[in-house]
Amino acid sequence: MTNDIWANVLGALKGTVGASNYSSWIAPLQFSKLSDGVAIFEVPTNFIGNYVSQNFGDQIIYQLKKAGGDVHRLRFRVPSQSVDASKGRTSAKPARDKGSSGPLDARFTFDTFVVGKPNELAHAAARRVAEGGPVTFNPLFLYGGVGLGKTHLMHAIAHELKQRSPELNVLYLSAEQFMYRFITALRERKMMDFKLLFRSVDILMVDDVQFIGGKDSTQEEFFHTFNALVDAGKQIIISADRAPGEIKDLEERIKSRLQCGLVVDLHPTDYELRLGILQSKVDVYSAQYPELEIADGVLEFLAHRISTNVRVLEGALTRLFAFASLVGREINLELTQDCLSDVLKASDRKVTVEEIQRKVSEHYNIRLSDMIGPKRVRNYARPRQIAMYLAKQMTSRSLPEIGRRFGGRDHTTVMHGVRRIEELMALDSQIADDLELLRRALQE
Ligand code: ADP
Ligand code: MG
């Protein structure tokens, strides 16, 4: 096949796709060569290549065959220097240029992500998106508290996609970087480039989107970018520290757009997950510090005591290994307590009266409103007293403060309740057991 055939085909295509499609999509194609039945074209951006392939691929093949070309497949590629730098349009192929995509942490892969109950849904959704294929939910919205693995999962998706489909243009960045680029583009009068860049990605990942709350023009641009990509059938993956509806100063229309895909949250870690994560990190450290021994019970202790977030947990372990290797001692409970006393103190769990009420009413299978409400029947009164007792023991609230949280009861009522439970504890082993169980559950 020669360029002549392609030139003829162009004429025919102009007739079948229409003038406007022709100039937007067909004219930019540069026929490169035919090899083994595959016609290769150079395109200015991956976006154009994908669009043409999806929308006009069959027609192009048909016309090429008709014109005598032995073609059964098309391939589109972005030449390494396709875009004329002097026109300032090098930014048209973002994810390939180093640094234009937020750098991905090589350690944040699916392999190193430990799955447990609190994150299994988020993990499954991330996996699904990372498989590529047809877009089933758009956007995927991941949210959860600090240090629960949102960024880790986002990077894992990006790594996986890049590995499976290197031709895809995957752009990962934080909402802050999005804003920074937007503002720079405005200042340097390069909004066209900005739009081109963001409209040409196949997969857009924006981390910590809560950041754009209250930043009006950035929100506006984000909204348009978002819509353009969704309309073009491109996958969008978003993370935030809270649910879309709860992001402060975020426009309603953006909230509702963010909600229309799949929204999944990462729950706070539980003991099992923390232990699992610690074990997997220890495997890594043990390779690094083969001389160090870790005594039984240390990981369990840490998983129990450090329940704030995974980042703190990891930091504790790093310090522990560094410290142990410096002093050349086994990592046992004593060393752990010496080395991490500040972390351990800081993460002493602060329990609230509300949590206590919730846990106790769950435990006794009564409604929260009945625990707090005025009814005096034994079925409600006893759990209420237990909750008062725990509130006195486990929080720093005063008796009047506790009373207020129990439907505005007087402090003497609280005091009476606390005393009653102290008496019962000595007499009724069932109550003592219940208390122990509840206390432990609350400290989790
Ligand atoms: P977020 O973005 O939600 O604030 P990150 O993704 O940055 O949290 O996670 C904080 C740290 O905890 C990272 O080092 C990450 O690798 C680690 N981490 C979080 N969850 C897990 C998990 N389930 N398995 C392994 N490491 C995890
Ligand atoms: Mg993060």
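**Close-up 1. Leu 340 and the residues around it.** Leaving out neighbours within four places in sequence, Leu 340 is in contact with Leu 302, Ala 316, Arg 319 and Leu 320, where contact means heavy atoms within 4.5 Å. This is a predicted model, in which local features need pLDDT of at least 70 and side-chain atom pairs count only at pLDDT 80 or more, while totals for chains, interfaces and linings use all residues. Residues are numbered from 1 along each chain as its sequence is written, chains are lettered from A and ligands numbered from 1 in the order in which they are written, and side-chain values use heavy atoms, with hydrogens and water left out. Leu 340 sits in the loop between α13 (333–339) and α14 (341–346); helices (H or I, at least four residues) and strands (E, at least two) are DSSP runs numbered from the N terminus. With a relative accessibility of 0%, Leu 340 counts as buried. Buried means under 20% relative accessible area, exposed means over 50%, and partly exposed is in between (1.4 Å probe, protein chains only). If you want a long-range reference point, the C-alpha atoms of Leu 340 and Leu 197 are separated by 47 Å, and the two residues are 143 residues apart along the chain.

**Close-up 2. The surroundings of ligand 1.** Here 18 residues surround ligand 1, and the closest are Val 114, Gly 147, Thr 151, His 152 and Glu 314; a residue counts as near if one of its heavy atoms lies within 4 Å. Several polar atoms are worth picking out, using a polar contact cut-off of N or O atom pairs within 3.5 Å; within protein, one atom must be able to donate a hydrogen and the other to accept it, and residues adjacent in sequence count only if both atoms are side-chain atoms. A polar side-chain atom of Arg 311 lies 2.9 Å from an oxygen atom of ligand 1. From Leu 148, a polar backbone atom is 3.2 Å from an oxygen atom of the ligand. Asn 119 offers a polar side-chain atom 3.3 Å from a nitrogen atom of ligand 1. Taken alone, ligand 1 exposes 560 Å², and the protein buries 93% of that. Accessible areas come from the Shrake-Rupley method with a 1.4 Å probe, and for residues only the protein chains shown count as cover.

**Close-up 3. Salt bridges.** A search of the whole structure finds 19 salt bridges, each defined as a side-chain nitrogen of Lys or Arg within 4 Å of a carboxyl oxygen of Asp or Glu. Side chains of opposite charge can pair when their charged atoms come close. Arg 107 pairs with Asp 105, with the closest N and O atoms 2.7 Å apart, and Arg 107 is exposed at 58% relative accessible area. In helix α5 (residues 150–164), Glu 160 and Arg 164 lie 4 residues apart, about one turn of the helix, and their salt bridge brings the closest N and O atoms to 3.0 Å. Glu 160 counts as buried at 19%, whereas Arg 164 is partly exposed at 48%. The side chains of Asp 370 and Arg 367 meet in a salt bridge of 3.9 Å, N to O; Asp 370 is buried at 9% and Arg 367 is exposed at 58%. Salt bridges that share partners also join Lys 195, Arg 199 and Glu 221 into one network.

**Close-up 4. Gln 63 in helix α3.** Gln 63 belongs to helix α3 (residues 46–66). With a relative accessible area of 10%, Gln 63 is buried. Not counting residues up to four places away in sequence, Gln 63 touches Val 9, Ala 12, Leu 13 and Thr 16.

**Close-up 5. Backbone features in three loops.** The peptide bond from Asn 138 to Pro 139 is cis, with omega near 0°, and Pro 139 is found in the loop between α4 (120–130) and β4 (140–144). Asp 36 has a positive phi of about 50° although it is not a glycine. Asp 36 lies between β1 (30–35) and β2 (38–42), in their connecting loop, and is exposed at 74%. Asn 365, also not a glycine, has a positive phi of about 60°. Its loop lies between α15 (353–363) and α16 (368–372), and Asn 365 is exposed at 71%.
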